[in-house]
Each structure stands twice: as C-alpha cells, then as structure tokens.
Amino acid sequence: MSWDISGIDHWRADDFPRGAAIPDAGNSRDYVTGGWRSQRPVRDDAKCTQCLFCWIYCPDSAIAVGDEKVGAFNYDHCKGCGVCAKECPADAISMVPEGCELPEVG
Ligand code: SF4
Ligand code: SF4
C-alpha cells in the first residue's frame with residue numbers, strides 16, 4: 001500500500017491517514033517485525049561461552065535456545081538493536097550492516 005502525500009504541506013489533522021490498530025496483545029509473532037533492521041547480529045561461536053546473556057537481554061526474544069545453548073538468531077523478529085552485542089561479555093557478537101557480506105567467524 002502506498003499513500004499519496006503530495007499535498008502533505010497542506011494537510012490538516014483530519015487529513016492524515018489513520019494509524020495502525022493493535023487489537024490483540026502478542027500479535028507480533030504473526031508478522032515479520034525485523035523488516036526494517038539496518039544491522040544484523042552475527043555470533044562467533046568460537047568466542048561464545050554459552051552464558052545466555054544475549055538471550056536474556058534480547059527485547060524481541062529473537063535468539064533461540066535449546067539444551068541450554070544459544071542457537072540461531074530469528075531474523076524475522078530481530079530488529080537489529082544491538083543489545084545482544086553490547087551485553088555479550090565475550091564480545092562474540094558483531095553487528096553487520098544489512099546488505100554486506102557476512103564476516104568470516106569461527
Ligand atoms: S552473550 Fe555472548 S557469550 Fe553469552 S551466549 Fe550470547 S553470544 Fe554467547
Ligand atoms: S540485535 Fe536486538 S533484537 Fe536482534 S537478537 Fe540482538 S538483542 Fe535481539
């Protein structure tokens with residue numbers, strides 16, 4: 001969907017398109033909310049100590065955990081905030097600009 005905003009300088013409050021409505025809590029799982037991410041986290045498994053700090057701190061629950069170990073990032077929901085990289089005590093997570101080649105890790 002696209003809006004015609006050619007007359008935006010002359011809009012009055014009533015002319016603005018209606019904003020989004022969220023009828024149900026927890027519905028973000030139904031959508032790809034990571035679509036506007038500009039950077040993605042990449043983990044160096046050789047540095048990772050499996051402390052799970054990144055999993056605890058991720059505000060979008062976008063880091064999988066199984067058998068008490070971190071797994072893949074869920075890029076459908078990761079927003080690229082960088083909190084995981086900031087909090088990782090082993091400096092094992094790098095934030096890589098979207099559209100760039102992934103670095104060699106491990
Ligand atoms: S915070 Fe860093 S060291 Fe800890 S589990 Fe996550 S990537 Fe591994
Ligand atoms: S960049 Fe942000 S949203 Fe993505 S996995 Fe790390 S903490 Fe979660």
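**Close-up views of a predicted model**

**View 1. Salt bridge between Arg37 and Glu98.** Arg37 counts as buried because its relative accessibility is 11%, under the 20% cut-off. In this predicted model, Arg37 pairs with Glu98, and the closest N and O atoms are 2.6 Å apart. The two residues are 61 residues apart: Arg37 belongs to the segment before β1 (39–43), and Glu98 to the segment after β4 (93–97). Glu98 is partly exposed, at a relative accessible area of 28%. A network of salt bridges links Arg37, Arg40 and Glu98.

**View 2. Salt bridges of Asp45 and Asp60.** The structure holds four salt bridges, including those shown here. Asp45 meets Arg43 at 3.0 Å, N to O; Asp45 is exposed at 54% relative accessible area, whereas Arg43 is buried at 13%. Asp60 meets Lys79 at 2.5 Å, N to O. Asp60 lies in the loop between α1 and β2 and Lys79 in the loop between β3 (69–73) and α2 (83–87), so this pair ties together parts 19 residues apart in sequence.

**View 3. Surroundings of ligand 1 and ligand 2.** Around ligand 1 there are 13 residues, of which Cys48, Cys51, Leu52, Cys54 and Cys88 come nearest. This shell comprises ten nonpolar, two polar and one charged residue. Ligand 2 has 14 residues around it, with Cys58, Cys78, Cys81, Gly82 and Cys84 nearest; ten are nonpolar, two polar and two charged.

**View 4. Nonpolar surface patch.** Phe53, Trp55, Ile56, Tyr57 and Val65 make a patch of about 490 Å². Helix α1 (residues 53–57) gives the most to the patch, with four residues. Val65 is placed in strand β2 (residues 63–66) and is partly exposed, at 35% relative accessible area.

Note on methods. Residues are numbered from 1 along each chain as its sequence is written. Chains are lettered from A and ligands numbered from 1 in the order in which they are written. This is a predicted model: local features need pLDDT of at least 70, side-chain atom pairs count only at pLDDT 80 or more; totals for chains, interfaces and linings use all residues. Side-chain values use heavy atoms; hydrogens and water are left out. A residue is near a molecule or strand if one of its heavy atoms lies within 4 Å of it. Ala, Val, Leu, Ile, Met, Phe, Trp, Tyr, Cys and Pro count as nonpolar, Asp, Glu, Lys and Arg as charged, and the others, Gly among them, as polar. Patches are made of residues with over 30% relative accessible area and no salt bridge: like charges are joined within 9 Å, nonpolar side chains (Val, Leu, Ile, Met, Phe, Trp, Tyr) within 5 Å. Accessible areas come from the Shrake-Rupley method with a 1.4 Å probe; for residues, only the protein chains shown count as cover. A salt bridge is a side-chain nitrogen of Lys or Arg within 4 Å of a carboxyl oxygen of Asp or Glu. Buried means under 20% relative accessible area, exposed over 50%, partly exposed in between (1.4 Å probe, protein chains only).
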